[in-house]
Amino acid sequence: MSENGERFNLDQYIAMKVKKARLEEGLKITDVARISGISQGMVSKIENAQVSTSLETLSRLCTAIGLPISKLFNDYDRPDGGAHFTPSGEGLEVVRRGTDKGHTYQLLTYQRGGKRNFEPFLITMDDLSEVFPTFSHPGEEFIYILKGRIVYRHGNHLYEMGPGDSLTFDAETPHGPEKLIEVPLQLLSIINYSEES
């Protein structure tokens with residue numbers, strides 16, 4: 001794939017990579033021809049995708065320009081990928097218990113239909129006097145404190161947490177904020193719904 005997404009055939013791909021590597025090394029076609037023992041005309045044809053070259057010639061050419069042949073093909077025919085990018089502040093706001101009390105829940109990725117394996121939330125809280133409900137739901141949950149300080153309950157255990165602290169737990173056990181110590185509090189919560197096989 002090219003940087004703008006169009007697909008190259010193999011000769012075009014080799015031409016692009018070889019020429020780019022030669023230019024990065026500050027070499028002229030005449031230099032490459034002299035070092036590799038390949039004619040200037042052949043080097044030019046390879047760089048312009050006008051010829052399919054043998055592996056032996058390609059190996060000599062790559063050696064001359066300082067490009068390991070293994071590295072030549074490292075991103076040829078790479079899968080397109082399909083990541084879901086959510087810019088900062090643009091997560092889908094969702095309503096959950098506590099939303100009416102100054103909590104903001106932003107779902108950072110979502111899919112329509114089908115089974116979801118996980119849900120990542122960015123949660124913001126800013127009311128020190130709030131009394132919190134406990135939560136219980138399927139899955140395993142991971143929370144990571146980004147800013148602020150909190151006492152977090154999981155079952156009968158209390159954890160005082162600050163920036164950089166994390167907690168992973170079975171989400172079926174009642175859990176949730178026990179007390180906010182320093183606001184605003186912002187935490188990342190990832191709920192994993194995948195079942196063990």
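**Aromatic pairs, cores and confidence in a predicted model**

By the ring-pairing rule, the count comes to 2 aromatic pairs. The model is predicted.

Q: Why is the pair of Y13 and F73 called stacked?
A: The centres lie 6.5 Å apart, with 25 degrees between the planes. Pairing needs centres within 6.5 Å, and stacked needs planes under 30 degrees apart. Both conditions hold, so Y13 and F73 are a stacked pair.

Q: What makes this pair a tie between parts of the chain?
A: Y13 lies in helix α1 (residues 10-24). F73 lies in the loop between α5 (69-72) and β1 (92-94). The two residues are 60 apart in sequence, so their pairing ties those parts together.

Q: How do you know whether Y13 is buried or exposed?
A: Its relative accessible area is 1%. Buried means under 20%. Y13 is therefore buried.

Q: Why is F73 called partly exposed?
A: F73 has 31% relative accessibility. The class runs between the 20% limit for buried and the 50% limit for exposed. F73 falls there, so it counts as partly exposed.

Q: Why is the pair of Y152 and F169 called tilted?
A: The ring centres are 5.9 Å apart and the planes stand at 35 degrees. Stacked needs under 30 degrees, edge-to-face over 60. The angle meets neither, so the pair is tilted.

Q: Which elements does the tilted pair tie together?
A: Y152 lies in strand β4 (residues 140-154) and F169 in strand β6 (residues 166-170). They are 17 residues apart in sequence.

Q: What makes Y152 and F169 buried?
A: Y152 has 4% relative accessibility. F169 has 5%. The limit is under 20%, so both are buried.

Q: Which residues does Y152 touch, leaving out those up to four places away in sequence?
A: Among them are E141, I143, H157, L158, Y159, M161 and L167. F169 is also on the list, as are H175, G176, P177 and E178.

Q: Which residues touch the most other members of the largest nonpolar core?
A: They are M125, I143, I150, Y152, M161, L185 and L187. This core has 19 residues. The elements giving two or more residues to it are β2 (104-107), β3 (118-125), β4, β6 and β7 (175-192). Apart from it lies another core, of 16 residues. I14, A21, L58 and L72 are among its members.

Q: How do you know that E119 is buried?
A: E119 has 9% relative accessibility. That is under 20%, so E119 counts as buried. Its place is in strand β3.

Q: Why is the link from E119 to Y193 called a polar contact?
A: The two side chains make the contact at 2.9 Å. The cut-off is within 3.5 Å. The distance meets that cut-off, so the term applies.

Q: What makes the peptide bond between V183 and P184 cis?
A: Omega is about 0 degrees. P184 is found in strand β7. Most peptide bonds are trans.

Q: What is notable about the phi of A49?
A: It is positive, about 55 degrees, although A49 is not a glycine. Most residues other than glycine have a negative phi. A49 lies in the loop between α3 (40-47) and α4 (55-65).

Q: Why is A49 called partly exposed?
A: A49 has a relative accessible area of 30%. That value sits between the 20% and 50% limits, so A49 is partly exposed. In helix α3, G41 is also found. G41 is partly exposed at 41%.

Q: How many helices and strands are there, and what is their order?
A: The protein has 5 helices and 7 strands. From the N terminus on, they run α-α-α-α-α-β-β-β-β-β-β-β.

Q: How many residues are in the protein, and what share is buried?
A: The protein has 197 residues, and buried ones make up 33%.

Q: Where is confidence lowest and where highest?
A: It is lowest in β1, at a mean of 70, and highest in strand β5 (residues 157-161), at 96. Over residues 1-7 the pLDDT is below 50. Where pLDDT is low, the predicted coordinates should not be read in detail. For the whole protein, the mean pLDDT is 83, and 82% of residues reach 70 or more.

How values were computed. Residues numbered from 1 in each chain as written. Predicted model: local features only at pLDDT ≥ 70, side-chain atom pairs only at ≥ 80, totals over all residues. Heavy atoms only, no water. Phe/Tyr/Trp six-rings, centres within 6.5 Å; stacked < 30°, edge-to-face > 60°. Helix = DSSP H or I, 4+ residues; strand = E, 2+ residues; numbered from the N terminus. Buried < 20%, exposed > 50% of the residue type's maximum accessible area, 1.4 Å probe, protein only. Core = buried A, V, L, I, M, F, W, Y, C linked by side-chain atoms within 4.5 Å. Contact = heavy atoms within 4.5 Å. Polar contact = N/O pair within 3.5 Å; in protein donor to acceptor, adjacent residues only side chain to side chain. pLDDT = per-residue confidence, 0-100.
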